[in-house]
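Reader: Hey, got a minute to walk me through this one? I'm new to it.

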Amino acid sequence: MLLRSALTPLRRLAGKFVLSPEPRHVQYIGDHGCIRCAASHIVWNQVPGDYLEFGVMSGYSFVEAHHALTWWRDAQYRDSPQSHASPEYQAWRNRPPRLFAFDSFEGLPPGDEIARASDYNPGAFACSEPEFLANVVAKGVPRERIRTV
C-alpha cells in the first residue's frame, strides 16, 4: 500500500508523456461529441456555409462549435498539404463560416402547464444578448464572426 501511494504521482506524470490523450476536439463521446464529429465531417469534406444554432442560452455549445471548427480547419491545413494548391480549397479556406445565434434571449415563453415539465418555466434558459456575446467573446469566439438573430 505504501509503495502504491508512493508511485501514484510518478505514474500520473509518466502518463502525461506516454499516454497523451487526444485533443479535446477529437473526442466524439461525452459533452459536445456530436458537434465535434460534425465539425470534422464539415472540414474534411470542405463543406461551405455558415454555422447556425437555435436557442443558444449562455453560449456553451456555440463556443464549442467555433473551437471545434477552428481546430479541425487548422488540423486539416497542417495534415493535408497536398490539398492546398487547388483553387476550390483556397476559396473554402479563405471563407471561414460565420456563426449565427438564433434566440429570443428572453428564455422560454409561457405555455400549457400540463405540457411543461417543472424545470421548463417561463423565462427558463434566459440569457440576455449582451451577456451571451460577452460569454462567447470571453471564451475566444471573434466578435466579428458572430451574428445574433
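Author: Here's a quick chat about a few helices and some loop residues. This is a predicted model, in which local features need pLDDT of at least 70, side-chain atom pairs count only at pLDDT 80 or more, and totals for chains, interfaces and linings use all residues. Residues are numbered from 1 along each chain as its sequence is written, and side-chain values use heavy atoms, with hydrogens and water left out.

Reader: Cool. Where is Gln 76 found?

Author: Gln 76 sits in helix 3, residues 60-79. Helices (H or I, at least four residues) and strands (E, at least two) are DSSP runs, numbered from the N terminus.

Reader: Is Gln 76 buried or exposed?

Author: Buried, with a relative accessible area of 2%. Buried means under 20% relative accessible area, exposed over 50%, and partly exposed in between, with a 1.4 Å probe and protein chains only.

Reader: And what is Gln 76 in contact with?

Author: Leaving aside neighbours within four places in sequence, the contacts of Gln 76 (heavy atoms within 4.5 Å) are Val 43, Trp 44, Gln 46, Ser 83, His 84, Tyr 89 and Trp 92.

Reader: Tell me about Gln 46, then. Where is that?

Author: Gln 46 is in the loop between helix 2 (33-44) and strand 1 (51-54). Gln 46 counts as partly exposed, at 23% relative accessibility. Gln 46 also has a positive phi of about 50°, although it is not a glycine. Most residues other than glycine have a negative phi.

Reader: Which loop holds Phe 105?

Author: The one between strand 2 (99-102) and helix 5 (129-138). Phe 105 isn't a glycine either, yet has a positive phi of about 60°. Phe 105 counts as buried, at 12% relative accessibility.

Reader: Switching to helix 5: which residues are buried there?

Author: Phe 132, Leu 133 and Val 136. They cover an arc of only 95° around the axis (taken from the directions from the helix axis to the C-beta atoms), so they lie on the same side of helix 5. On the other side, Pro 130 and Ala 138 are exposed.

Reader: What covers the buried residues of helix 5?

Author: The cover includes helix 3, strand 2 and strand 3 (146-148).

Reader: Anything at the ends of helix 5?

Author: At the start of helix 5, a side-chain oxygen of Ser 128 reaches to within 3.1 Å of the backbone nitrogen of Glu 131. Just after helix 5, Gly 140 takes a positive phi of about 100°.

Note on methods: Polar contact = N/O pair within 3.5 Å; in protein donor to acceptor, adjacent residues only side chain to side chain.
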